[in-house]
Amino acid sequence: MRNFSESLSSLSRRSKISLQIGLDMTSIALSFMAAMLFRLESLFFLGRSEVWLTLLVTVVATLVTLQISGLYRALVRYLTSRILATVAKGAVVAGVVFYAAGLYFGANLPRSVPIIFGMFVFISVGGLRFVVRYYFRRPLRGGKQPVLVYGAGEAGLQLLNALVHGREYAPVGLVDDNPNLQGMAVGGLRVFPPGQLPRLVEQTGAQVVLLAIPSIGRARRREIVSQMAELQLEIKTIPGMADIISGKAKISELRVVSAEDLLGRDPVAPDAELIRENIEGKVVMVSGAGGSIGSELCRQIITQKPEALILYDVSEYALYASGLELTETATRMKYQLRIVPILGSVQQVRRLEKTITSFGVQTIYHAAAYKHVPLVEENVVEGIRNNVFGTQAIATAARNAGVESFIMISTDKAVRPTNVMGASKRLAELICQAHAQERSGTVFSMVRFGNVLGSSGSVIPRFRAQIEAGGPITVTHKDINRYFMTIPEAAQLVIQAGAMGKGGDVFILDMGEPVKILDLAMSMVRLHGLTPYIAEHPDQIAPEKGDIPVCVTGLRKGEKLFEELLIGNDPAPTRHPRIMTANEVSLPMAELTAVLERLFAACERFDVPAILAILHELPLDYVPTSDVISDLLWGEAGAVLTQPQAVGDVLG
């Protein structure tokens, strides 16, 4: 049978159409004989010439109808049930022509015969195609990986059709929690309740489950995945409904369910007024426009119809990639705005002032920052220059140029910081607060939130790479936890928070519940259909315990066990349910400026101990996790004779 199918497949398109016409002609003739025999119960009609003339006209008319309807343009291998409508048209025409031709030629046929004949034509012509389709598809199942499809709705049916045409997966069962679908057959497969998954896995040998529920919420997705946690199944999903509708993705583009799919929350509908308040019809500038948060801010900004969007970034490639993507999006969506990429550092105050005044910037989102805790801990001077003096430069430029709104992106690590990065971001907040107290025409506000899913340096991409490399996964502490939010939700909330700013506001985003990083690592392994196990040390790997070891390595430089979002305990609600505002400690500009001058001088001298001492002086609640200076160049420069100098030695 396989050789026969291959021989048919090798025929030219013209030969295949001729073969179909020949088979249809035979099917119509046999349908005629079967209808006459069924009604008359004898074959005496075969000797009458008027009957054969009637049949000839009917066959020709039916074939012409099928040709015009497009039946012979369809590829049999990829036929769907929609083709039955075309066959039905041909069957109706066959019955009508058969009756009319019988009257014309005086065949004296029983009135019921044309009806029976039309039914037989529909069954034979349509059924023959589905039989052939089955034999064409059956050889492709060999070597395919058996999979279960979770979701028997419209998306599940579309996925089944896509899988049948593909060469990788063979669907062997459907699962759905809708009791109205359970026990039914969809696409030729029976629909089972979720409770039958263990039995289905055992019977079919399926090790992959495909989620075909594109519109499902994150909470429900977490619930479904947790039900399969102990089955050691690889769980993949189709793209989201928004991507399918917009044409960004096809329903057949499967990917492994990621931690991002499970950790994020279902977003609250944005407040349309807040979203457009600082953007619509205005010139908007984003510093750090090529970064994770900055680029997402830009994506959402262009949908609100600004007059122009200024992209400011020190990274040439990041700026190029972001600008190219935004330009293509604006062209595709027919957005009327100017996108301007400006290459420069936020430490260059003159370039900032020139950029702001040249384009008449009205709103600034300041997202440029060094945010990787261990790296900033090892590069203290550059971290302070960029995060502190970069903020001072762009805030001063904005104020001098009369920018309407300045929104700084802060971090939860600025709350009672244990590292230089967090201390630098809290100091940046103090700078914005001091500018706000000067009562200029610029409204300064800050938005503080935790980790975003999928950002550069995030733990999730690192875990994913470690899993793909076969492990081990490294977790710094068994009890460490973090807040997580999706990048789109964070950017959307930042825009809305900034629109509520009155001057000096510290907005805090509701991050939901913190996530234990060890649990996150274990669940990511299970999502790949593998078994995780705890190994106290990378040298203690035991393959008999599982597939991927999870090793606890100890806290990194400056790392905290638990992150916080509030310095005080009195957050106030805002008009948005996921945005709060806090009343934080601030310093007047004159007092802060004097400290910043000493801090700048220490940076110029590359005096790391003096920098850290100044951070201790300020109201930052800075309490480092270690007294040892970790800056790499400080130790290499020979500023200490043997061991890195302790901060306590400088302060005492």
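# Contacts, sheet, cores and charged pairs in a predicted model

Leaving out its neighbours within four places in sequence, Thr65 is in contact with Lys89, Gly90 and Val93. Thr65 is part of helix α3, which covers residues 49-69, and its relative accessibility of 17% means that Thr65 counts as buried. The structure discussed here is a predicted model, and the paragraphs below take up a sheet, the aromatic pairs, the nonpolar cores and the salt bridges in turn.

## A sheet of three strands

In general, the strands of a sheet pair through backbone hydrogen bonds, and the pairing is either parallel or antiparallel. Here, three strands form an open sheet in the order β15-β21-β20, and the pairing is parallel. The edge strands are β15 (473-475) and β20 (532-535), each of which pairs on one side only. On average, and with direction ignored, neighbouring strands of this sheet are turned by 30 degrees against each other.

The link between β15 and β21 can be followed down to single residues. Strand β21 consists of residues 548-552, runs parallel to β15 and is joined to β15 by three bridges; within β21, Val552 is the bridge partner of Val475. Helix α18 (residues 459-468) lies across β15 and β21, and runs at about 145 degrees to β15.

## Aromatic pairs

A pair of aromatic rings is described by the distance of the centres and the angle of the planes. A search of the whole structure finds two aromatic pairs. Phe389 and Phe600 form an edge-to-face pair, with 5.3 Å from centre to centre and 80 degrees between the planes. This pair links distant parts of the chain, since Phe389 sits in helix α16 (residues 380-401) and Phe600 in helix α21 (residues 589-605), 211 residues apart. Phe389 counts as buried because its relative accessibility is 14%, whereas Phe600, with a relative accessible area of 39%, is partly exposed.

In the pair of Phe406 and Phe444, the ring centres are 5.2 Å apart and the planes stand at 45 degrees, so this pair is tilted. Phe406 belongs to strand β12 (residues 405-409) and Phe444 to strand β13 (residues 443-448), 38 residues apart, and this pair too links distant parts of the chain. Both Phe406 and Phe444 are buried.

## Nonpolar cores

Which residues have the most contacts inside the largest nonpolar core? They are Leu297, Ile301, Leu309, Tyr365 and Phe449, in a core of 40 residues. Among the elements that give two or more residues to this core are α12 (292-302), β9 (308-313), α13 (316-333), β12 and β18 (505-509). The largest share of this core comes from α19, with eight residues.

Ile301 offers a closer view of such packing: not counting residues up to four places away in sequence, Ile301 touches Ile279, Val284, Val286, Pro306, Leu309, Tyr365 and Ile495. A second, separate core has 33 residues, including Met589, Leu592, Ala602 and Ala610.

## Salt bridges

The count of salt bridges in the model comes to 18. The table lists some of them.

| Basic residue | Acidic residue | N to O distance |
|---|---|---|
| Lys282 | Glu404 | 3.0 Å |
| Arg448 | Glu429 | 2.7 Å |
| Arg605 | Asp607 | 3.3 Å |

Lys282 lies in the loop between α11 and β8, and Glu404 in the loop between α16 and β12, so their salt bridge ties together parts that are 122 residues apart in sequence. With a relative accessible area of 16%, Lys282 is buried, while Glu404 counts as partly exposed at 32% relative accessibility.

The salt bridge of Arg448 and Glu429 also links distant parts of the chain, with Arg448 in strand β13 and Glu429 in helix α17 (residues 420-437), 19 residues apart. Are Arg448 and Glu429 buried or exposed? Both Arg448 and Glu429 are buried.

As for the remaining pair in the table, Arg605 is exposed, with a relative accessible area of 52%, and Asp607 is partly exposed, with a relative accessible area of 21%. Salt bridges can also share partners, and in this way Arg426, Glu429, Arg448 and Glu584 are joined into one network.

Definitions and conventions
Residues are numbered from 1 along each chain as its sequence is written. This is a predicted model: local features need pLDDT of at least 70, side-chain atom pairs count only at pLDDT 80 or more; totals for chains, interfaces and linings use all residues. Side-chain values use heavy atoms; hydrogens and water are left out. Two strands pair if DSSP finds at least two bridges between them. Helices (H or I, at least four residues) and strands (E, at least two) are DSSP runs, numbered from the N terminus. Axes are lines fitted to C-alpha atoms, for helices over the stretch in contact, and angles run from 0 to 180 degrees between N-to-C directions. Contact means heavy atoms within 4.5 Å. Rings of Phe, Tyr and Trp (its six-membered ring) pair if their centres lie within 6.5 Å; planes under 30 degrees apart count as stacked, over 60 as edge-to-face and the rest as tilted. Buried means under 20% relative accessible area, exposed over 50%, partly exposed in between (1.4 Å probe, protein chains only). A nonpolar core is a set of buried Ala, Val, Leu, Ile, Met, Phe, Trp, Tyr and Cys residues joined through side-chain atoms within 4.5 Å. A salt bridge is a side-chain nitrogen of Lys or Arg within 4 Å of a carboxyl oxygen of Asp or Glu.
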